[in-house]
Amino acid sequence: MKKLKYSFLIFLISLLANGQKCLHTNLSKSFNFAVELERVKDSSSCKIILKVIDKKTSKNTQEIIINSEFIFEKDFKDCGKTRSYSTKINDKTIDEDNDFGDLIIADFDFDGKEDFAIKKDSGGNGGPLYEFYIQKINNEFVKDDFLTNTLEFFPSKIDNSKKTLTTLVHANAYQRCKMIYKYNPKIKKWKRISKSFVE
């Protein structure tokens, strides 16, 4: 029986192939981020593990696990494929196919605190899909359901003065769909205020 359990354990371990492990120390002023990808062998499915580390104490303050059904082989392999609008790392890099990077630091709810987005799915013609996490008062990051499930794509424009996020996503052979979302900080709610098609 022990031999059978041991063989099964070895089999399970062999199903997982570890991807790149990255420690990001230059994306945030307050936190380091450790990202690891565990891929299911011969599959596009994987588990993405993100650890938030306080820069002052060097303590791991939070661990977030994302179970993804579809991540390209190229994703999460290059530790430099990140972006930060806080520390200006790669913030001027041109996106390729609406891919802004595997991990991005920005202020999505316009409160002056660093938030982040992490790739959750490599997506299709429109580009990758992201999970968005907002930093709360206690420095904990909480998934924003509206941004994750409705916005989905990383915004091509973040307008702090108007408190809007704009996505520009491939819609058909000739056009892209432009959506503008506005945040109301008083009621802490998002609303789509515009949808148009541009060439």
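Leaving aside its neighbours within four places in sequence, with which residues is Thr25 in contact? In the predicted model examined here, these partners are Asn32 and Lys55. Thr25 lies in the loop that runs between strands β1 and β2, the latter covering residues 31–40. The contact with Lys55 brings together positions 30 residues apart along the chain, their C-alpha atoms being separated by 8.5 Å. Thr25 is classed as partly exposed because its relative accessible area is 41%, a value between the limits of 20% for buried and 50% for exposed residues.

The overall architecture of the chain comprises 13 strands and two helices. Its radius of gyration is 18 Å, which agrees with the value near 16 Å expected of a compact globule with 199 residues. Along the principal axes, the C-alpha trace extends over about 65 × 45 × 30 Å. Of the 199 residues, 43% are buried. When contacts between residues at least 6 apart in sequence are considered, 40% of them join residues at least 24 apart. The accessible surface of the chain amounts to about 11,700 Å², and carbon and sulfur atoms account for 52% of this area. The chain carries 35 positive and 28 negative charges, and the mean positions of these two sets are 3 Å apart.

One disulfide is present in the structure. A disulfide is a covalent bond between the sulfur atoms of two cysteines. Here the bond is formed by Cys22 and Cys79, with a distance of 2.0 Å between their sulfur atoms. The value about the S-S bond is -85°, and the link of Cys22 and Cys79 is left-handed. Distant parts of the chain are linked by this pair, the two cysteines being 57 residues apart. Cys22 belongs to strand β1 (residues 16–24), whereas Cys79 is placed in the loop between β4 (60–68) and β5 (82–84). The two ends of the bond also fall into separate accessibility classes: Cys22 is buried, with a relative accessible area of 10%, while Cys79 is partly exposed, with a relative accessible area of 30%.

Further cysteines were also examined. The closest cysteine sulfur to that of Cys46 is in Cys22, and because the separation is 13 Å, the two are too far apart for a bond; the cut-off applied to a disulfide is 2.5 Å between sulfur atoms. Cys46 is buried, its relative accessible area being 5%. Cys177 is likewise buried, with a relative accessible area of 11%.

Backbone geometry was considered next. Most residues other than glycine have a negative phi. Asn98, however, has a positive phi, near 65°. Asn98 is situated in the loop between β5 and β6, where β6 spans residues 103–106. With a relative accessibility of 11%, Asn98 counts as buried, since the limit for that class is 20%. A positive phi is also found at Phe110, where the angle is near 60°. The position of Phe110 is in the loop between β6 and β7, the latter strand comprising residues 115–124. Phe110 counts as buried as well, at 13% relative accessibility. Asn98 and Phe110 are thus both loop residues that are buried, whereas Thr25, also in a loop, is partly exposed.

Key:
Residues numbered from 1 in each chain as written. Predicted model: local features only at pLDDT ≥ 70, side-chain atom pairs only at ≥ 80, totals over all residues. Heavy atoms only, no water. Helix = DSSP H or I, 4+ residues; strand = E, 2+ residues; numbered from the N terminus. Rg over C-alpha atoms; globule rule 2.2 N^0.38 Å. Buried < 20%, exposed > 50% of the residue type's maximum accessible area, 1.4 Å probe, protein only. Contact = heavy atoms within 4.5 Å. Areas by Shrake-Rupley, 256 points an atom, 1.4 Å probe, with all protein chains shown as cover. Lys, Arg positive; Asp, Glu negative; His and termini not counted. Charge placed at Lys NZ, Arg CZ, Asp CG, Glu CD.
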